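The following paragraphs guide the reader through one structure. Please keep the sequence and the three-dimensional view at hand while reading.

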Amino acid sequence: MSQDFLTDNSIPDGNGTMIADYYDVVIVGTGVAGLFAALSISPDLNILMISKDKIKNSDSYLAQGGICTLKEPADFDSFLEDTLRAGRYENKEDSVRVMIENSPMIMDRLIEYGVQFDKDKDGGFEYTREGAHSTYRILHHKDVTGKEITNKLLNNVRERSNITLCEFTKMLDLIIKDNTCHGVVVMDGMNECLKVVYAKEVVLATGGIGGLFAHSTNFKHITGDSFALALRHNIKLENINYIQIHPTSLYEVNVNRKFLISESVRGEGGILLNKDGERFVDELLPRDVVTEAIRKQMEIDGRPYVMLSIKHMPKDEILRRFPNIYRHCLEVGYDLSKEDIPVTPAQHYLMGGVKADTYGRTSVDRLFAVGETACNGVHGANRLASNSLLESLVFAERAGWIITEEIGLVEIETPSVDLEKYKDIERWDDENRQLIIDEIKRRDIEFYDKWCNN
Ligand SMILES: Cc1cc2nc3c(=O)[nH]c(=O)nc-3n(C[C@H](O)[C@H](O)[C@H](O)COP(=O)(O)OP(=O)(O)OC[C@H]3O[C@@H](n4cnc5c(N)ncnc54)[C@H](O)[C@@H]3O)c2cc1C
């Protein structure tokens with residue numbers, strides 16, 4: 001892949017440290033939200049997509065369970081109610097409605113882009129179910145749905161000549177003047193230099209904050225950089241302390257990232273057991289309820305895990321439905337078809353984020369936020385399983401539409417940037433991390449004490 005994202009317009013600054021460039025749109029992040037936004041923007045526009053790490057190292061790639069959809073109109077009310085109940089009725093109902101209404105169209109687009117969902121014996125789609133869903137409405141590709149979707153979107157992005165992809169390129173800052181965004185300052189890790197990229201519109205699609213936690217299912221480099229910049233620049237944040245802890249990650253010591261044991265394992269009949277081999281919770285309750293039950297049970301048992309059992313499921317069925325989970329568990333010494341596995345809660349998802357409307361617009365002009373970075377109110381206080389891929393896609397597409405519609409009216413502006421303050425990047429990153437943790441603590445000391453302070 002070409003790492004050189006400079007166009008003919010680029011201007012070296014003379015001493016080799018600063019290079020400025022110009023794009024119609026810069027999209028920060030190459031997970032499903034960033035990729036789908038790029039595909040939804042007119043191919044006549046010049047787009048730069050950057051990723052802090054390898055292009056494929058996004059949480060989107062890790063999604064196992066699946067993606068919710070409205071499988072028939074009659075399910076609308078129940079889908080809405082399940083989402084609101086899981087979100088403790090703190091959701092913005094209008095946003096939830098937009099998400100559900102658009103879901104069949106999103107599935108059609110995914111299929112057009114080449115995504116394959118598992119089918120049943122009769123050739124129809126096979127729907128699965130996860131915690132707090134009152135029916136089967138989740139499409140999946142084995143237990144690697146995120147990989148399937150992300151790969152196919154990426155293939156399509158690579159075919160678009162208007163989109164330039166750059167990996168190991170980190171957004172350090174946003175260029176904001178008079179409450180309007182004019183571009184980004186980036187560290188090009190391949191060429192080890194700072195660059196200024198001016199743009200008419202900027203889309204933040206940097207995912208969540210898992211990298212800030214000692215125990216998380218997220219990639220370590222997903223550290224909520226957009227939120228730190230929001231705090232630095234007074235961009236409105238919402239519910240940044242609404243952080244989901246997933247009840248079941250595989251208990252392993254000394255691992256960088258906790259391996260998720262998808263909720264669909266419980267959806268397909270997996271049970272949770274205490275140290276005496278007894279069930280202690282209804283496994284299909286919302287995530288936060290199951291997490292709290294596990295946390296209490298671990299205290300009672302005096303162990304950092306509880307057990308999860310799926311032994312009753314025939315081995316060929318386990319292999320068909322959960323090949324990736326089966327393989328990983330076997331690699332670390334557990335045969336899911338014969339033995340129980342130790343599981344423990346881990347940080348998993350951020351419901352809050354940069355405050356955005358249903359088109360991804362933020363409190364700053366020409367700055368959009370989509371995917372896990374955005375808080376458009378869909379998830380309320382707690383996300384319903386498998387709603388996040390869907391939410392990412394629906395609102396990224398809408399951001400793409402509005403950018404295409406409005407960009408003709410925008411003139412590029414190039415306020416000057418002082419690069420001196422980014423010279424000590426380690427310090428800049430430490431400050432970013434501290435800004436977010438302090439904000440979580442300020443908003444919810446109880447959550448901070450339970451999950452951040454270790
Ligand atoms: C293990 C796991 C399993 C999951 N399973 C499911 C599931 O079954 N169903 C479901 O709906 N959801 C699931 N989720 C949640 C879902 O995958 C994510 O919420 C969603 O994919 C987020 O997509 P995104 O595009 O917003 O962010 P991500 O996919 O996280 O992408 C973020 C991108 O931003 C880049 N980035 C970050 N900071 C910077 C920076 N400063 N500069 C440049 N680039 C930056 C990263 O490199 C990356 O490319 C799961 C999540 C995990 C971790």
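In this predicted model, helices α4 and α11 approach each other with their axes within 9 Å and cross at roughly 85°. Angles of 65 to 115 degrees count as roughly perpendicular, and α4 and α11 are therefore roughly perpendicular to each other. On the α4 side, the contact is formed by Val98, Met99, Asn102, Ser103 and Ile106, which meet Leu390, Glu391, Leu393 and Val394 of α11. Sorted by class, the residues of this contact comprise six nonpolar, two polar and one charged.

Helix α11, which spans residues 388–406, also packs against helix α1, residues 32–40. Here the angle is about 30°, and the axes lie 8 Å apart. The crossing of α1 and α11 is right-handed. From α1, the residues Val32, Ala33, Phe36, Ala37 and Ser40 take part. Their partners in α11 are Leu389, Ser392, Leu393, Ala396, Glu397, Ala399, Gly400 and Trp401. This contact of α1 with α11 divides into nine nonpolar residues, three polar residues and one charged residue. Leu393 of α11 appears in the contact with α1 and also in the contact with α4.

Helix α4 has a further partner in helix α3. Residues 76–86 make up α3 and residues 93–112 make up α4; their axes come within 10 Å and cross at roughly 135°. How do α3 and α4 lie to each other? An angle of 135° falls outside the ranges for roughly parallel, roughly antiparallel and roughly perpendicular pairs, and α3 and α4 are therefore oblique to each other. Their crossing is right-handed. Phe76, Phe79, Leu80, Thr83 and Leu84 of α3 meet Glu93, Val96, Arg97 and Ile100 of α4. The classes represented in this contact are six nonpolar, one polar and two charged.

The next topic is the ligand. Which elements each supply at least two residues of the shell around the ligand? They are α1, α2 (59–62), α5 (145–159), β7 (169–177) and α11. Helices α1 and α11 thus belong to this group and also pack against each other. There are 43 residues around the ligand, and those that come nearest are Gly29, Gly31, Gly65, Gly207 and Gly371. By class, the shell holds 13 nonpolar, 24 polar and six charged residues.

At the level of the whole chain, the domain assignment gives two parts: domain 1 (11–242 + 351–452) and domain 2 (245–348). The C-alpha centres of domain 1 and domain 2 are 28 Å apart. Domain 1 contributes 23 residues to the contact between them, and domain 2 contributes 26 residues. On the side of domain 1 that touches domain 2, the residues divide into seven nonpolar, 11 polar and five charged.

Notes:
Residues numbered from 1 in each chain as written. Predicted model: local features only at pLDDT ≥ 70, side-chain atom pairs only at ≥ 80, totals over all residues. Axes fitted to C-alpha atoms, helices over the stretch in contact; angles between N-to-C directions. Helix = DSSP H or I, 4+ residues; strand = E, 2+ residues; numbered from the N terminus. Left-handed = near helix turned anticlockwise from the far one by under 90°. Contact = placed C-beta atoms within 7 Å. Nonpolar A, V, L, I, M, F, W, Y, C, P; charged D, E, K, R; others polar. Domains from an automatic or database assignment. Parallel < 35°, antiparallel > 145°, perpendicular 65-115°, else oblique. Near = placed C-beta within 6 Å.
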